[in-house]
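Let's take a stroll through a protein model together. Have a look at the picture, then read on.

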Amino acid sequence: MPNQPLGGNDMPRFAGPNTFMRLPAQDTAEGLDVAFVGVPMDIGTSWRPGTRFGPKAIRAESAMLRPYNMGTGAAPFDGLTCADIGDVAVNTFDLKDSVVRITRAYEAILAHGAVPMTMGGDHTLTLPILRAMAAKHGPVGLIHVDAHADINDTMFGEAIAHGTPFRRAHDEGLIAPDRVWQIGLRGTGYSAGDFDEARGWGFTVVPAEECWHRSLTPLAARIRAGIGRSPVYVSYDIDSLDPAYAPGTGTPEIAGLTTPQAVELIRGLRGLDIVGADLVEVSPAYDPSGNTALTGANLLYEMLCVLPGVPYRSRPGGA
Ligand code: MN
Ligand code: MN
């Protein structure tokens, strides 16, 4: 039997190791199918700080998660060997050096053949991860769920920041534009065309208004059809959710996705060749109830449940 999360009947859930779901800890991704990893960074943020504490808080809230997905029948730990390999040693005094360090860390994870599941950390971190991904897989598809497009050219003159990663990824050829989906974009911009430039590159942009009041299961089906069998990376910014559900984040925008929509979208990605995923922008200082980190932990678990190789034991309603 592969690694199992430490159960609440063996150690109280409020105790034990602060790893994701209280999985075993190890130093490298050797022997793993899935490596949970933290990137404790907030020096790429432009408004509220605090995401450096995101991985700790997500791990803490993940202690309540049990191994089986009662909604879908997914049994991820019956099929995949998972562990928490700790945090990337970012240089909190130097964002550019941190980006280099993150790429190196993910190259090492990918060299072991593991799928990295990342706890952020501000959204800058996805650029160095995509650099490692593209070095292994070539340009990857991308499912980017966010209130923001994160395609600024520069922020305060800087090319590397949490609002620029997907323009850089496009510039560098790390992603396949016709297999990029941006979902949940909304709010205010610097110009009326802020979300349109990426459409010109080939991205499919689904603003929040097109998600309001409806199931996201059909959207997930469109994404599956559009991406097919190609490798795809999932980057999930917690601020895609409405601040009513996820207030603990750096750049909140009103009128976002609901928690059930977030879960529907992820569950609908089953069958894709997902090669990595991240859950970013949880800022515990603005999250006094812990709900944002709890939601982040659950969404990361849901992403685990749709990875290739996860067995399914049953389906709700016998469907
Ligand atoms: Mn973002
Ligand atoms: Mn965002």
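## Overall shape

The radius of gyration is taken over C-alpha atoms, and the globule rule is 2.2 Å times the number of residues to the power 0.38. With 319 residues, that rule puts a compact globule near 20 Å; the protein chain has 18 Å, so it agrees. Along its principal axes, the C-alpha trace spans about 55 × 50 × 40 Å.

This is a predicted model, where local features need pLDDT of at least 70 and side-chain atom pairs count only at pLDDT 80 or more, while totals for chains, interfaces and linings use all residues. Residues are numbered from 1 along each chain as its sequence is written, and ligands are numbered from 1 in the order in which they are written.

## Inside the fold

You'll find nine helices and eight strands in the protein chain (DSSP runs: H or I of at least four residues for helices, E of at least two for strands). Buried residues, meaning those under 20% relative accessible area with a 1.4 Å probe and protein chains only, make up 56% of the 319 residues.

## The metal site

Now for the manganese ion (ligand 2). Asp146 (OD), His148 (ND1), Asp237 (OD) and Asp239 (OD), the last listed twice, coordinate this ion at 2.0 to 2.5 Å. Donors here are N, O and S atoms within 2.8 Å of the metal (3.2 Å for Na, K and Ca); water is not among the atoms, so sites may look incomplete. Along the chain, the donors follow the spacing D-x1-H-x88-D-x1-D.

Asp146 also bridges ligand 2 and the manganese ion (ligand 1), and the two ions lie 3.2 Å apart. Asp146 and His148 are both buried.

Terms used. Heavy atoms only, no water. Buried < 20%, exposed > 50% of the residue type's maximum accessible area, 1.4 Å probe, protein only.
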